[in-house]
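Work through the exercises below with the model open beside you. Each task is followed by its solution in steps.

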Amino acid sequence: MKRRTFLGGAMAAAVAGRATGALAQQPPIKIGMSMPQTGGLAGGGKASLLGIEIWRDDINAKGGLLGRKVELIVYDDKSSASETPAIYSKLVDVDKVDLLFAPYATVPTAPIMPFVKQRGLLLMGNFSFQVNSKVGHDMWFNNAPWGPADSWASSFIDLAQKAGGKNMALLAADQEFAQNLALTARDVAKKRNLPVVFDQSYPPNTVEFASIIRALKATKPDIVYVASYPPDSAGILRAVNEIGIGDDVKVFGGGMVGLQFAAVMSNLGSLLNGVVNYNTWLPEQSMYHAGTKEFFEVYTKRAVEAKVDPLGYYLAPYGYATGQMIEAAVNATKSLDQKGLAKYLRENEHKTIVGPIVFAADGEWKESATVQAQFRGVVDKDVEQFRKPGKQVILYPDKLKTGTLISPFEAARK
């Protein structure tokens, strides 16, 4: 278990020089977390951590919290659920951190939920999906814009039904995140009397999807909803490109993790065209808020130096927003009392670079801000194209919409 301690970058330290004397008088406020730095989730984990580090540097440059510097204590959880329980126990009992941020993603986060509830600890979530639905911890606050559990599947199926979809195929990885998504998709389909003609889960280490796609295609679905993690998302799209998915398919995609990351998008290139998939932030004018532009100016420079996702749209601004929410709560309560911070987070609207956030009772966003976007006009081996608007046309929600669906899927791929 290798610990990384972060007090701030050289640039921020220079800016913070005026406050150094005062800050040096008191011990730092320690924020502990694990973050995938290796393994299948590392690409997202590194970008998320950079977003948090930029916030840490900004707050320290302003004098810190309660007159104390902010220090990040970070361990690599190797993208594994088996690593996180021991890491978070160490952060609390050995490192004696003041606050906890959750690791990126559902799989590493789910095992620590009983621990933080038992200890009565505030936990700022980081893009998990429904990890609190069974635990019911009232000090959990997710930074991801998912909103109500069924909003993700509902928005995708809404688009598909308006395009003429009358039945659905469901393909999901056999792990917690994907199965949670699949469960909500089944529930939405059932409520709408939408027949599910294909419903298959595959082991998380699957690399060959040709036989699965052939079986799915044979059922002639109108809608194909996929819930997958980065390595399998790429494998599924390559199999679809090789075999085809059928002329009946109106909409393909939904919950494919990985299609938000620069490296994956660049590698898949034109194979992405036509896919309708969830996302969180895209370079469209409707998605800019106070501080967003300035954040990405800093992120873009530091991402090159740190060799992390050069775009950083999916996770990095939400990492920064997590820090903004803690900053607001600590400043308002003038305390690190975790129950007091949780009460403030639960009862107030929080202004962030990803827009205003209001939490529901379960710690998820009260209103979903997850977008459904369709890849358009993507060419091969050009990551810079994704910095321009129009490569991912926002179809949902209406307040962010930048275009209309092209359907069927095979026509949209051209």
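**Exercise 1. A helix pair**

Task: Describe how helix α12 (residues 292-306) and helix α13 (residues 316-333) pack, giving the angle and how far apart their axes are.

Solution. The coordinates are those of a predicted model.
- Step 1, geometry: the two helices pack at an angle of about 120°, and their axes are 11 Å apart.
- Step 2, handedness: α12 and α13 make a right-handed crossing.
- Step 3, residues: from α12, Phe295, Phe296 and Tyr299 meet Ala316, Pro317 and Tyr320 of α13.
- Step 4, class: the contact of α12 with α13 has six nonpolar residues, with no polar and no charged ones.

**Exercise 2. The sheet and its helices**

Task: Give the order of the strands in the open sheet of seven strands, and find which are the edge strands.

Solution.
- Step 1, order: the strands run β8-β7-β9-β10-β11-β14-β15, and their pairing is mixed.
- Step 2, edges: β8 (196-202) and β15 (392-396) each pair on one side only, which makes them the edge strands.
- Step 3, twist: from one strand to the next, the twist averages 25°.
- Step 4, one pair in detail: β10 (residues 251-256) and β11 (residues 276-279) pair in the parallel sense over two bridges. Gly253 has Val276 in β11 as its bridge partner.
- Step 5, first helix: α7 (residues 151-162) lies across β7 (168-173), β9 (223-228), β10, β11, β14 (371-375) and β15. The angle of α7 to β10 is about 170°.
- Step 6, second helix: α8 (residues 176-191) lies across β7, β8, β9 and β10, and runs at about 160° to β7.

**Exercise 3. Enclosed space**

Task: How many cavities of 30 Å³ or more does the structure hold, and what lines the largest cavity?

Solution.
- Step 1, count: there are three cavities of 30 Å³ or more.
- Step 2, volume: the largest cavity has about 50 Å³.
- Step 3, lining: the residues around the largest cavity are Tyr104, Ala105, Thr106, Phe127, Trp146, Phe177, Tyr229, Val257, Tyr278 and Tyr314.
- Step 4, class: nine residues of this lining are nonpolar, one is polar and none is charged.

**Exercise 4. The open pocket**

Task: Find the volume of the largest pocket and the residues closest to its centre.

Solution.
- Step 1, volume: the largest pocket holds about 300 Å³ of space.
- Step 2, centre: 19 residues line this pocket, and Val354, Pro356, Trp365, Ala369 and Lys399 are the closest to its centre.
- Step 3, main contributor: strand β13 (residues 355-357) gives the most to the lining of the largest pocket, with three residues.
- Step 4, class: the lining of the largest pocket divides into 10 nonpolar, five polar and four charged residues.

**Exercise 5. Backbone details**

Task: Which peptide bond is cis with omega near 0°, and which cis bond has omega of about 5°? Then place the residue with a positive phi that is not a glycine.

Solution.
- Step 1, omega near 0°: this is the cis peptide bond from Tyr396 to Pro397. Pro397 lies in the loop between β15 and α15 (409-412).
- Step 2, omega of about 5°: this cis peptide bond joins Ser407 and Pro408. Pro408 also has its place in the loop between β15 and α15.
- Step 3, positive phi: Ser79 has a phi of about 65°, although this residue is not a glycine. Ser79 lies in the loop between β3 (70-76) and α4 (84-93).

Definitions and conventions
Residues are numbered from 1 along each chain as its sequence is written. This is a predicted model: local features need pLDDT of at least 70, side-chain atom pairs count only at pLDDT 80 or more; totals for chains, interfaces and linings use all residues. Side-chain values use heavy atoms; hydrogens and water are left out. Axes are lines fitted to C-alpha atoms, for helices over the stretch in contact, and angles run from 0 to 180 degrees between N-to-C directions. Helices (H or I, at least four residues) and strands (E, at least two) are DSSP runs, numbered from the N terminus. A crossing is left-handed if the near helix is turned anticlockwise from the far one by less than a right angle, and right-handed if clockwise. Contact means heavy atoms within 4.5 Å. Ala, Val, Leu, Ile, Met, Phe, Trp, Tyr, Cys and Pro count as nonpolar, Asp, Glu, Lys and Arg as charged, and the others, Gly among them, as polar. On a 1 Å grid over the protein atoms alone, a cavity is a set of points where a 1.4 Å probe fits but cannot get out, and a pocket is an open set with protein on both sides within 12 Å along at least five of seven lines; lining residues have an atom within 4 Å of a point. Grid points are joined across faces, edges and corners, and a volume is the space filled by probe spheres set on the points. Two strands pair if DSSP finds at least two bridges between them.
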